[in-house]
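Let's take a walk through this structure together, one region at a time. Have the view ready to rotate as we go.

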Amino acid sequence: MIRFLTAGESHGKALTVIVEGFPSNLKIKNDYLNFHLKRRQAGYGRGLRMKIESDTAEIISGIRFQKTLGSPISFLIKNRDWENWVERMSPENKNPGIEKISIPRPGHADLVGVSKYNFDDIRNSIERSSARETAARVAAGTIARRFLEEFGISIGSFVESIGGVYPKENFSEKLFKNDIPKNFIGWDLSAQSDRSEVRVLNKEHELKIINKIKLAKKKGDTLGGTFYVVATGVPVGLGSFVHYDTKLDADIAQAIMSINAVKGVSIGTGYEAAEKFGSESHDEIIFRGNNPDKSGQVLSRRTNRAGGIEGGISTGLPIIVKGAMKPISTLMTPIQSVDLKTMKAVDARRERSDFVAVPACAVIGESMLAWSLVKFFLLKFGGDSIEETKDNFRSYTKKLNNRIRKNFK
Ligand code: EPS
């Protein structure tokens with residue numbers, strides 16, 4: 001079973017990650033990790049912090065000569081901003097005069113954090129609840145992504161909307177219709193969206209969104225949005241219907257929902273399906289005859305409204321996940337809060353933050369989806385070395401079609 005653990009405060013010395021359970025001999029280069037870490041930092045609407053940080057993962061263990069060893073992999077991602085916080089974040093208490101924060105921001109973890117952990121300073125809540133932690137997740141998720149590539153599984157994402165600004169033509173419609181080019185891979189989406197400042201697929205849409213963000217900034221306000229993460233090449237049979245916690249869609253939903261500020265997740269047509277007739281919602285099963293698809297399958301679906309998962313199990317079609325991120329909760333024109341020192345109504349506290357982080361959220365979504373897929377992939381195919389996993393994978397996929405035919409003869 002793979003697992004990862006992250007540690008680190010937003011303005012502490014560094015973030016650390018321990019990643020466990022990957023087979024040996026998986027090739028991975030430091031540049032590849034840093035490339036994906038950098039993608040998470042981009043996007044119009046981020047705050048000044050992203051000008052300070054330049055995330056790179058220092059490999060501490062588990063990788064030798066650009067290959068995994070099968071032992072725990074660990075990384076260190078330094079917080080450059082720490083230099084400005086040495087005293088405020090010190091593990092020692094040499095300067096008791098440091099100001100304590102007593103005004104919680106609505107929507108942030110400030111108030112629930114001090115309530116739960118019995119803190120006398122909101123700073124203690126702010127630090128670990130910060131989305132800075134997601135840099136560590138991207139490092140872990142990038143190992144997962146690299147692993148999936150070995151099996152032809154590719155992941156990409158795009159932003160669908162920010163502040164309610166949707167595109168005229170929504171690429172998700174094409175995905176649901178299964179009307180995508182034959183050699184389309186998930187990464188194609190990111191290759192295109194990474195060129196946009198807000199990670200959308202269309203220039204006109206980008207301009208409209210940037211104008212909306214400018215308006216939010218002018219008002220001292222923030223915005224959220226929606227994004228899609230798509231994985232192609234996923235074999236039939238990841239996940240299971242036997243238990244609530246073995247369902248692939250349930251695990252993916254948890255993985256995406258765990259990203260800071262995400263309030264909604266759906267798979268395939270999701271909420272839209274709830275408004276339709278069954279005949280408009282389900283995907284007709286088709287037999288491809290002697291014309292198997294890329295994964296060698298002869299049975300498929302005409303459309304992909306299910307988003308690549310039926311009964312908690314992958315169908316072999318692209319996995320389509322949508323996430324909804326609420327607006328950032330630090331507002332430069334604040335809404336009302338209560339000062340915990342005086343218990344009087346006051347404006348919420350302002351502090352440096354982002355105006356929009358949906359583009360980054362989509363990149364983190366890629367890592368979380370990769371993680372979830374590898375979890376189920378290794379449960380099914382196992383292996384202590386990547387070579388062993390490949391043998392198991394090939395033997396399953398090669399025999400899949402024949403098994404079905406034989407069983408029903
Ligand atoms: C965050 C607040 C901002 C963001 C931060 C998440 O940080 P700061 O308070 O230092 O300006 O920039 O995100 C990151 C640092 C990051 O790497 O994504 C928050 O309150 O969640």
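An N or O atom in the side chain of R132 sits 2.8 Å from an oxygen atom of the ligand. Keep in mind as you look that this is a predicted model. R40 makes a similar approach, with a side-chain N or O atom 2.7 Å from a ligand oxygen, and R46 places a polar side-chain atom 2.9 Å from an oxygen atom of the ligand. How much of the ligand does the protein bury? On its own the ligand would expose 470 Å², and the protein buries 94% of that. If you would like to trace the surroundings yourself, there are 13 residues around the ligand, and the closest are H11, R40, R49, R132 and R352.

Now please turn to helix α7, which spans residues 186–193, and find S193 there. Is S193 buried or exposed? Its relative accessibility is 0%, so S193 counts as buried, the cut-off being under 20%. The side chain of S193 has polar partners: it reaches the backbone oxygen of S157 at 2.9 Å, and a polar contact of 3.0 Å links it to the side chain of R199. Leaving aside residues up to four places away in sequence, S193 touches S157, F158, R199, V200 and L201.

A little further along the chain comes helix α8, made up of residues 203–219. At its start, a side-chain oxygen of N202 comes to within 2.9 Å of the backbone nitrogen of E204. The 17 residues of α8 reach 25 Å from the first C-alpha to the last, close to the 24 Å expected at 1.5 Å a residue. After the helix comes G220, whose phi is positive, near 70°.

Which residues of α8 are buried? They are H205, E206, I209, I210, I213 and A216. Viewed down the axis of α8, these buried residues fall within an arc of 130°, so they line one face of the helix. The spacing has a familiar background: an α-helix has 3.6 residues a turn, so residues three or four places apart point the same way. Rotate α8 to the face turned away from its buried side, and you will find the exposed residues N211 and K218. Part of what covers the buried residues is β7, residues 154–162. While you are looking at β7, you can also find S157, whose backbone oxygen the S193 side chain reaches.

Key
Residues numbered from 1 in each chain as written. Predicted model: local features only at pLDDT ≥ 70, side-chain atom pairs only at ≥ 80, totals over all residues. Heavy atoms only, no water. Helix = DSSP H or I, 4+ residues; strand = E, 2+ residues; numbered from the N terminus. Expected span 1.5 Å × (residues − 1). Buried < 20%, exposed > 50% of the residue type's maximum accessible area, 1.4 Å probe, protein only. Arc of directions from axis to C-beta. Contact = heavy atoms within 4.5 Å. Polar contact = N/O pair within 3.5 Å; in protein donor to acceptor, adjacent residues only side chain to side chain. Near = heavy atom within 4 Å. Areas by Shrake-Rupley, 256 points an atom, 1.4 Å probe, with all protein chains shown as cover.
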